Amino acid sequence: MRASRPMSIAASAALLLALVGCSQSAGSDGTAPSGSSTAGAAAFPVTIEHAFGETTIPEQPERVATVAWSNGEVPLALGVVPVGMAKANYGDEDKDGVLPWVQDRLDELGAKTPVLFDETDSIDFEAVADTKPDVILAAYSGLSKSDYETLSKIAPTVAYPGVPWGATLDEMIEMNSTAIGKKAEGEALIASLDEQVAEGVAAHPDLEGKSVMWAYFDPSDLSSVGFYTTHDTRPLFMQELGMTTPKVVSDATAKTDEFYTTVSAEDVDALADVDVIVTYGDAKLLQQLQADPLIGKIPAIKNGSVALLANDSSLAGAANPSPLSLPWSLDQYLALLDTAASKVG
């Protein structure tokens with residue numbers, strides 16, 4: 001029996017508000033509502049530990065800025081509109097700098113688009129400072145120590161917990177929600193997302209136990225196979241779907257703090273236990289891979305058990321699960337994985 005469709009962002013937000021008994025919403029001017037969450041305000045000052053030490057936030061922030069991928073989705077999911085957030089630089093099909101699930105949430109809140117920080121080359125520190133934030137959220141990021149120190153001169157900054165780009169979805173929600181005085185609401189959000197994933201997985205039992213590699217192929221150079229380690233949220237999410245991590249990925253993860261590495265095409269035998277490959281690309285790429293004398297020998301490639309995410313599509317942008325993208329993309333993503341898993345030899 002097919003599980004019910006995962007809740008929309010609006011329904012998720014409604015459930016979240018019911019769970020925590022909160023009826024406040026953000027103001028359309030990009031600030032937190034005055035007097036929101038008395039219990040949250042009472043928790044301050046709050047100190048959050050991260051890779052660069054710890055950050056103390058003296059009082060509940062009213063002006064929240066976020067940098068790096070998807071951090072802005074945490075306050076938005078909890079009813080707080082950031083004064084500024086990173087401009088979308090991938091998966092933004094209409095090129096307005098806002099991903100579709102973020103725009104849906106802004107519309108639900110009746111809010112204007114926050115200031116968008118262009119991070120194409122690096123963080124625009126001046127633009128961040130111009131928003132006059134009380135806190136800067138970056139729990140999911142790859143901040144350098146220098147970046148962190150510069151941002152901290154602007155406002156208390158929450159960096160990632162361990163390795164760059166290594167924060168899980170739960171960690172990002174926990175750290176960012178605590179920083180804005182909405183820890184309980186963050187916990188409820190995690191529970192809501194977990195429920196949606198469980199419902200989705202129940203509808204796709206064939207994924208259970210299949211080994212999966214999140215890979216990257218450069219069509220102009222197939223001398224190596226790139227792949228993401230489990231320091232990255234993409235393969236970590238596969239584990240939540242009941243899929244397993246192949247040995248080549250587990251071994252690489254144990255040897256590095258990096259979220260991405262490569263294996264030579266001469267050593268593709270190491271990928272013999274990979275059932276499913278997820279990658280960015282299209283049918284033309286798969287044909288090229290299958291025709292390659294080395295990469296074409298990988299069982300998952302030979303069988304066509306490859307889930308292809310069109311480059312720069314919104315679905316590809318949702319591959320790193322985030323509070324708002326997960327409900328938006330889950331059905332489509334699971335269907336794509338299920339089709340690939342059905343071709344396992």
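Where is tryptophan 165 found? Tryptophan 165 sits in the loop between strand E7 (157-158) and H7. The close-ups below start from this residue and then visit other parts of the model, which is a predicted one.

**View 1. Tryptophan 165 is a residue in a loop with a positive phi.** Begin in the loop that runs between strand E7 (157-158) and H7. Here the phi of tryptophan 165 is near 60°, a positive value in a residue other than glycine. Is tryptophan 165 buried, exposed or partly exposed? Its relative accessibility is 25%, so tryptophan 165 counts as partly exposed.

**View 2. Aspartate 312 also has a positive phi, although it is not a glycine.** The phi of aspartate 312 is about 65°. Look for aspartate 312 in the loop between strand E12 (306-309) and helix H13 (314-317). Because the relative accessible area of aspartate 312 is 27%, and partly exposed covers values between 20% and 50%, this residue is partly exposed.

**View 3. Helices H7 and H8 cross.** Two packed helices are described by the angle between their axes and the distance between the axes. In this view, the axes of H7 (residues 169-179) and H8 (residues 183-202) come within 8 Å and cross at roughly 160°. Angles over 145 degrees count as roughly antiparallel, so that is how H7 and H8 are arranged. The crossing of H7 and H8 is right-handed. On the H7 side, the contact is made by Leu169, Asp170, Ile173, Glu174, Ser177 and Thr178. From H8 come Lys183, Gly186, Leu189, Ile190 and Leu193. Sorted by kind, the residues of this contact are five nonpolar, three polar and three charged.

**View 4. Threonine 279 is a buried residue in a strand.** Find threonine 279 in strand E11, which covers residues 276-280. With a relative accessible area of 0%, threonine 279 is buried. Which backbone oxygen lies 2.9 Å from a polar atom of the side chain of threonine 279? That oxygen belongs to alanine 215. Leaving out residues up to four places away in sequence, threonine 279 touches Trp214, Ala215, Tyr216, Phe217, Leu285, Val306, Ala307, Leu308 and Leu309.

**View 5. Valine 248 is a buried residue in a helix.** Now turn to helix H10 (residues 247-255), where valine 248 is found. Valine 248 has a relative accessible area of 12%; buried means under 20%, so this residue is buried. Setting aside neighbours within four places in sequence, valine 248 is in contact with Met213, Phe227, Ala270 and Leu271. You can also trace the gap from valine 248 to valine 268: these residues are 20 apart along the chain, and their C-alpha atoms are separated by 9.9 Å.

**View 6. Proline 205 is an exposed residue in a loop.** The loop in this close-up lies between H8 and strand E8 (212-218). Proline 205 has a relative accessible area of 58%, and exposed means over 50%, so proline 205 is exposed. How many residues apart along the chain are proline 205 and glycine 242? They are 37 residues apart, with 8.7 Å between their C-alpha atoms.

**View 7. A cis peptide bond joins phenylalanine 44 and proline 45.** The omega of this bond is about 0°. To find the spot, follow the chain into the loop between helix H2 (38-42) and strand E1 (46-50), where proline 45 lies.

Definitions and conventions
Residues are numbered from 1 along each chain as its sequence is written. This is a predicted model: local features need pLDDT of at least 70, side-chain atom pairs count only at pLDDT 80 or more; totals for chains, interfaces and linings use all residues. Side-chain values use heavy atoms; hydrogens and water are left out. Helices (H or I, at least four residues) and strands (E, at least two) are DSSP runs, numbered from the N terminus. Buried means under 20% relative accessible area, exposed over 50%, partly exposed in between (1.4 Å probe, protein chains only). A polar contact is a pair of N or O atoms within 3.5 Å; within protein, one must be able to donate a hydrogen and the other to accept it, and residues adjacent in sequence count only if both atoms are side-chain atoms. Contact means heavy atoms within 4.5 Å. Axes are lines fitted to C-alpha atoms, for helices over the stretch in contact, and angles run from 0 to 180 degrees between N-to-C directions. Angles under 35 degrees count as roughly parallel, over 145 as roughly antiparallel, 65 to 115 as roughly perpendicular and the rest as oblique. A crossing is left-handed if the near helix is turned anticlockwise from the far one by less than a right angle, and right-handed if clockwise. Ala, Val, Leu, Ile, Met, Phe, Trp, Tyr, Cys and Pro count as nonpolar, Asp, Glu, Lys and Arg as charged, and the others, Gly among them, as polar.
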